[in-house]
Amino acid sequence: MTAWAGLNPRAAAADAVAARWRLGAEAERETARRLRALRLRGWRIRHDVRLTGRRFNLDHILVSPCGTAVVMADTKRWPLGWTVTAAGGRLWCGGEDRTGEAEKAARYASLVAGAVGVQVWPLLIVHGSRVAGGHVQVGTESGPVQVVGVDQAVRVLRAAPAGWSWPRARGVTVRVDEVLSPYR
């Protein structure tokens, strides 16, 4: 009760953190809703999972219909009205350097690739902020990371390797399910 009046700074800080978590969870649910369209095109999708023995969660794992593209997508809720750009080898949201978020996504994708045994592509899906041109790429020590606005995510993923190989896609999905479990 005292947090809203500014009388309890700790409670106000806790309320702010809770609000950010709530907005992030809402953005993840919206991303999941939009990605459902890919299921009709043969994509296999897992949400909110983790690598066995690891503490971090992976927002979305997608296996393409051909089984050659696996995507680790991380949903981000960044400030409304800001623009996401890549410049000078860095990822920027407005005037804030967000390269660390790209590096983290690249590391997580690398860990998943090692566990699954196939190449895994990191993708940041941004809500709130506008991604310049709808899509940017930033290089990290672990490799390139694609960054898209939520409105462009399905379009970009549809451009992944084409074709169908149900046996290969099924095999990769089985492996994904062996090494990833629901995040709880």
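Which residue in strand 6 is the bridge partner of Cys93? I put this to the model, which is a predicted one, and found that Cys93 is bridged to Glu96.

**Sheet.** I then followed the pairing outwards from that bridge: strand 5, residues 90–93, runs antiparallel to strand 6, and two bridges hold the pairing. The sheet to which they belong is an open one of four strands, which I read in the order 6-5-4-8 with mixed pairing. Strand 6 (96–97) and strand 8 (130–131) are the edge strands, and because each has a single partner strand, one side of each is left without a neighbour in the sheet.

**Cores.** I looked next at the largest nonpolar core, which I noted as having 32 residues, with Leu58, Val84, Leu91 and Val147 making the most contacts inside it. Helix 2, residues 99–116, gives this core its largest share, namely eight residues. Apart from it I found another core, of 16 residues, which includes Leu35, Val148, Val150 and Ala153.

**Val84.** I listed the contacts of Val84, leaving out residues up to four places away in sequence, and among them are Trp78, Leu91, Trp92, Cys93, Arg130, Val131 and Val147. Cys93, with which I began as the bridge partner of Glu96, is thus also on the list of residues that Val84 touches.

**Whole chain.** For the protein chain I recorded four helices and 11 strands, and I noted that 41% of its 184 residues count as buried. Of the contacts with a separation of 6 or more, 60% come from residues 24 or more positions apart. The chain exposes about 9900 Å², of which carbon and sulfur atoms supply 54%.

Methods:
Residues are numbered from 1 along each chain as its sequence is written. This is a predicted model: local features need pLDDT of at least 70, side-chain atom pairs count only at pLDDT 80 or more; totals for chains, interfaces and linings use all residues. Side-chain values use heavy atoms; hydrogens and water are left out. Two strands pair if DSSP finds at least two bridges between them. A nonpolar core is a set of buried Ala, Val, Leu, Ile, Met, Phe, Trp, Tyr and Cys residues joined through side-chain atoms within 4.5 Å. Buried means under 20% relative accessible area, exposed over 50%, partly exposed in between (1.4 Å probe, protein chains only). Contact means heavy atoms within 4.5 Å. Accessible areas come from the Shrake-Rupley method with a 1.4 Å probe; for residues, only the protein chains shown count as cover.
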